[in-house]
Amino acid sequence: MSERSIIHIDMDAFYAAIEQRDFPCYRNQPLIVGGDPEHRGVVATCSYEAREFGVHSAMPCAVAKRICPQAIFVKPRFAVYRDVSAQIKTILANYTELIEPLALDEAYLDVTAEMTRGGSGVLIAEDICQQIRRHTGLTASAGVSYNKFLAKIASGRCKPSGLLYISPKEGPEFVKSLNIREFFGIGPATEEKMNGLGIYTGADLADWELEALQPVFGKSAHYYYHAAKGVDNRAVEADRLRKSIGTEDTFEVDLNTHEEMLNVFSLQSKQLEQQLSQFGGMAKTITIKVKFSDFTQVTRSYSRHSGFRTSESIIHVIPELLDNAIVKHLPVRLLGISASNLMPDSELVEGRQIPLL
């Protein structure tokens, strides 16, 4: 069996890049897409010019303005971002049917079949990036490797507008050189726990046996153990049955106040509204996810017969859900919101579900 060839495509500063493309006056400027800095908004994303000042996603816009006073603030245009994302997905579909979208701005592709026909994952990735630039005017970074874990790390390593290939021969040694915080899924709390065990790099982690990791890290131990050896057998999951839609953000700096969290949820609710619009229907259940700094996670849900379709209807139930979810006096490292019990408009007549006959 031939070695797998996985590509991870990641758009560069996606929202900000679209704004700079559409409005020339924003080009080469520190641009922040997010809320109003005068009204406790949060940063959705920012241009690379703004990142040089230390601005990052989920940062309060007031803080971003303080550290980068010359920044230009613009409100998100999620409908535009979704249209561009759909355009990019159409481009990707020219290369393989095995596409797993992760978000509006990134996706995995399995091009192993092309390799068996004499193709090259690197050349395919180069062509994808060229086509994206040609048709959208935007740049993407690409990671190419024999598994998803390494492909994603590779794309992050070569930003912006780069391409990095990690071969099967290079993979295990490459992983050993990584700082443990570079592993996908390892946040500040897990990093601190690993550091307490003397694990600072991939090489340190590779020295541990699975049986020794399990009592400390539970189910995640299998992932850490194999990833440290450059092994990741997860498949690219294309055309999965959609049971829910949603979005989530992991913060570079943990959040400490309800106000900060509600600002993030407000932005996520607008994104969820756009997803529901693209889905073409409504959801009967809204769920929020809160992950604390110690990596424990809490979810809370709210369902109603009339359903949810707009950001206003969604954000209306968030404060109560958040109050019920904050069960620890700890900072929060991740917030997410999702919609489930999806009901397409084709199954609705005058706001009522068509009876199943």
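Me: Let me fix my terms: buried means under 20% relative accessible area, exposed means over 50%, and partly exposed lies in between (1.4 Å probe, protein chains only). Which of these does Glu-3 count as?

Reply: Glu-3 counts as partly exposed, because its relative accessibility is 48%. Please bear in mind that this is a predicted model, in which local features need pLDDT of at least 70 and side-chain atom pairs count only at pLDDT 80 or more, while totals for chains, interfaces and linings use all residues. Residues are numbered from 1 along each chain as its sequence is written, and side-chain values use heavy atoms, with hydrogens and water left out.

Me: OK, and where does Glu-3 lie?

Reply: Glu-3 lies in the segment before strand 1, where strands (E, at least two residues) and helices (H or I, at least four) are DSSP runs numbered from the N terminus. Apart from neighbours within four places in sequence, Glu-3 is in contact (heavy atoms within 4.5 Å) with Thr-112, Tyr-146 and Pro-168. The C-alpha atoms of Glu-3 and Thr-112 are separated by 7.4 Å, although the two residues are 109 apart along the chain.

Me: Stepping back, how many helices and strands does the protein have?

Reply: The protein has 14 helices and 14 strands. Its radius of gyration, taken over C-alpha atoms, is 21 Å, close to the 21 Å that the globule rule (2.2 Å times the number of residues to the power 0.38) gives for 357 residues, so the protein is as compact as a globular protein of that length. The C-alpha trace spans about 60 × 55 × 45 Å along its principal axes, and buried residues make up 46% of the 357 residues.

Me: What about contacts between residues at least 6 apart in sequence?

Reply: Of those contacts, 65% join residues at least 24 apart.

Me: Switching to rings, how many aromatic pairs does a search of the whole structure find?

Reply: The search finds 10 aromatic pairs, where rings of Phe, Tyr and Trp (its six-membered ring) pair if their centres lie within 6.5 Å, and planes under 30 degrees apart count as stacked, over 60 as edge-to-face and the rest as tilted. One of them is Tyr-15 with Phe-78, an edge-to-face pair because the ring centres are 5.8 Å apart and the planes stand at 80 degrees. This pair links distant parts of the chain, since Tyr-15 is in helix 1 (residues 14-22) and Phe-78 is in helix 4 (residues 78-92), 63 residues apart.

Me: Are Tyr-15 and Phe-78 buried or exposed?

Reply: Both Tyr-15 and Phe-78 are buried. Phe-217 and Tyr-224 also form an edge-to-face pair, 5.5 Å from centre to centre with 90 degrees between the planes; Phe-217 counts as buried at 10% relative accessibility, and Tyr-224 counts as buried at 3%. Ring pairs link these two residues with Phe-149, Phe-183 and Tyr-223 into a cluster.

Me: Which ring does the charged end of Lys-291 sit over?

Reply: The charged end of Lys-291 sits over the ring of Phe-295, 4.8 Å from the ring centre, the test being that NZ of Lys or CZ of Arg is within 6 Å of the ring centre and within 35 degrees of the ring normal. Arg-304 similarly lies over the face of Phe-308, at 4.3 Å from the ring centre.

Me: How do strand 10 and strand 11 pair?

Reply: Strand 10 (residues 281-292) and strand 11 (residues 297-308) pair in the antiparallel sense over 8 bridges, where pairing asks that DSSP finds at least two bridges between two strands. The bridge partner of Ile-286 is Tyr-302 in strand 11. This hairpin has 4 residues between the strands, and in it Phe-295 takes a positive phi near 75 degrees.

Me: Why would I note a positive phi?

Reply: Most residues other than glycine have a negative phi, so a positive one is worth noting, and most peptide bonds are trans. Ala-13 has a positive phi near 45 degrees; this residue is in the loop between strand 1 (6-11) and helix 1 and is buried, with a relative accessible area of 8%. Asn-28 has a positive phi of about 65 degrees and lies in the loop between helix 1 and strand 2 (31-34), but Asn-28 is exposed, with a relative accessible area of 64%.

Me: And which residues does a cis peptide bond join?

Reply: A cis peptide bond, with omega about -10 degrees, joins Lys-159 and Pro-160, and Pro-160 is in the loop between helix 7 (148-157) and strand 8 (163-165).
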